[in-house]
Amino acid sequence: MTEVAIKPLVIANAAFSNNIIQGPLAGISSAPFRLLSWRYSKPAFSYTEMVSCKTLIHHRNISELSLVRKLPGEGPVGVQLSGTCPKEVAEAVKIVTNVGADLIDLNCGCPVKKIRRRGAGSAHLSQPTKLYQLIHAMKQNTSLPVSIKIRVDGASDDAFNQEIAKAVSDAGADFLIVHGRHWQDDYSVTCHYDQIHFFVDALNVPVIGNGDIACASSLMRMLQTGCAGVMVSRAGVGRPWLIGNMIAEIQGGEIYRPTSEEAGKVFIEHVRLLADFSGSEVLALLQARKFCKYYARNIPDRAAFCVAVNACDNVKDLEDIYYTFFRD
């Protein structure tokens, strides 16, 4: 019988206190988001947003590149790369190793058209030989744990699971992250747990399951595939305490239940951290427009709150908006 438990996770030469991970999210997973997630939940590790290898190679000052910068007080951080050329991937891996990454992932699952047109993201799934070369290039240029994040065959006419498993194994990836949907599936399509289980059986390295994780029961359902750990992605936005609460519920610990007012205070802190991190209130407020609805999950006037945030042009006014909508 498959063991279903929150437990320490060992990946290559790295060990983590639990097996729940905060995944990468475009436009969200900056250092302030990760810092709040670590403060409230202490996941095994968190990921950066996906960053292009070309951007890393050609940026004048990598220490100033926000996509890979860390804040004091963050937990372990994995950098997720996007690339198509083994030589460029090798160079990017060296760069992020030197700037303090804890793990390195190559995105092989992104379904966005502009990413696929470049031959990156989920386009890699139809090129197992090229994928082998990319993983090999990563492994040859870092001592950090290396992974790829993929999608699955799903219910499509594609048949790449077997070939991808072989490429991952032959190239020596340290672990695999599997989002249990095909790259053409939207989020209304149920996660293909059986295909995550396929990769668990096919590989001798840890497999991390991803897809539809939003509560303790869905987390346990994913662990029943036999995966070594679980990646939480969209559900963690606006709820930096979610992973901690899921772990507490499964282990019988204390669950943090913030009031609406407390959730609003964390939203304001998130935006202030972004403004300090980027040096720009304008950029912070633009990003806040993407995630404000998630912090407002439980307030009565969620739509009106989001409209107010979209119209806001400074953080001081944003605090006034908070006092209007987030009163218990």
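Reader: Let me start with Ala-12: where is its place in the chain?

Author: Ala-12 sits in the loop between β1 (9-11) and β2 (14-16). Those element names are DSSP runs numbered from the N terminus: helices are H or I with at least four residues, and strands are E with at least two. Please keep in mind that this is a predicted model, in which local features need pLDDT of at least 70 and side-chain atom pairs count only at pLDDT 80 or more, while totals for chains, interfaces and linings use all residues. Residues are numbered from 1 along each chain as its sequence is written, and side-chain values use heavy atoms, with hydrogens and water left out.

Reader: Is Ala-12 called buried, exposed or partly exposed, and why?

Author: The relative accessibility of Ala-12 is 47%. Buried means under 20% relative accessible area and exposed over 50%, with partly exposed in between (1.4 Å probe, protein chains only). Ala-12 therefore counts as partly exposed.

Reader: What makes the backbone of Ala-12 worth a look?

Author: Ala-12 has a positive phi of about 50°, although it is not a glycine. Most residues other than glycine have a negative phi. Lys-42 also has a positive phi, of about 50°, without being a glycine. Lys-42 lies in the loop between α1 (31-41) and β4 (46-52), and at 40% relative accessibility Lys-42 is partly exposed.

Reader: Good. Now to strand β7: how do you know whether it is enclosed or not?

Author: Strand β7 covers residues 146-150, and five of its five residues are buried, so the strand is largely enclosed by the rest of the structure. In a regular strand the side chains alternate between the two faces of the sheet. On one side of β7 the buried residues are Val-146, Ile-148 and Ile-150, and on the other they are Ser-147 and Lys-149.

Reader: What makes you say that β7 pairs with β6?

Author: Two strands pair if DSSP finds at least two bridges between them. Strand β6 (residues 103-108) and β7 have five bridges, in the parallel sense; Asp-105 has Ser-147 of β7 as its bridge partner. Towards strand β8 (residues 175-179), β7 has four bridges, and these two strands also run parallel. Here Lys-149 is partnered by Ile-177 of β8.

Reader: Which handedness does the crossover from β7 to β8 have, and what does the name rest on?

Author: The chain goes from β7 through helix α6 (residues 161-171) to β8, a β-α-β crossover that is right-handed. The term applies if, with the strands pointing away from the viewer, the path from the first strand over the helix to the second runs clockwise.

Reader: Why is the pair of Phe-267 and Phe-305 classed as stacked, tilted or edge-to-face?

Author: The whole structure holds 15 aromatic pairs. For Phe-267 and Phe-305, the ring centres are 5.6 Å apart and the planes stand at 75°, so this pair is edge-to-face. The rule is that rings of Phe, Tyr and Trp (its six-membered ring) pair if their centres lie within 6.5 Å, with planes under 30 degrees apart stacked, over 60 edge-to-face and the rest tilted. Phe-267 belongs to helix α10 (residues 260-278) and Phe-305 to helix α12 (residues 302-311), 38 residues apart, and the pair links these distant parts of the chain. Phe-305 also pairs edge-to-face with Phe-325, at 5.7 Å centre to centre and 65° between the planes. One aromatic cluster includes Phe-267, Phe-305 and Phe-325.

Reader: How do you know that Arg-116 lies over the face of Trp-183?

Author: A charge sits over a ring if NZ of Lys or CZ of Arg is within 6 Å of the ring centre and within 35 degrees of the ring normal. Arg-116 is at 3.4 Å from the ring centre of Trp-183. Arg-69 lies over the face of Phe-277 too, at 4.0 Å.

Reader: Last one: what makes a set of residues a nonpolar core, and which residues have the most contacts inside the largest?

Author: A nonpolar core is a set of buried Ala, Val, Leu, Ile, Met, Phe, Trp, Tyr and Cys residues joined through side-chain atoms within 4.5 Å. The largest has 56 residues, and Leu-56, Leu-81, Ile-148, Ile-150 and Phe-199 have the most contacts inside it. Helix α3 (residues 86-98) gives the most to this core, with five residues. Another core, of 36 residues, lies apart from it, with Val-271, Phe-291, Cys-306 and Phe-326 among its members.
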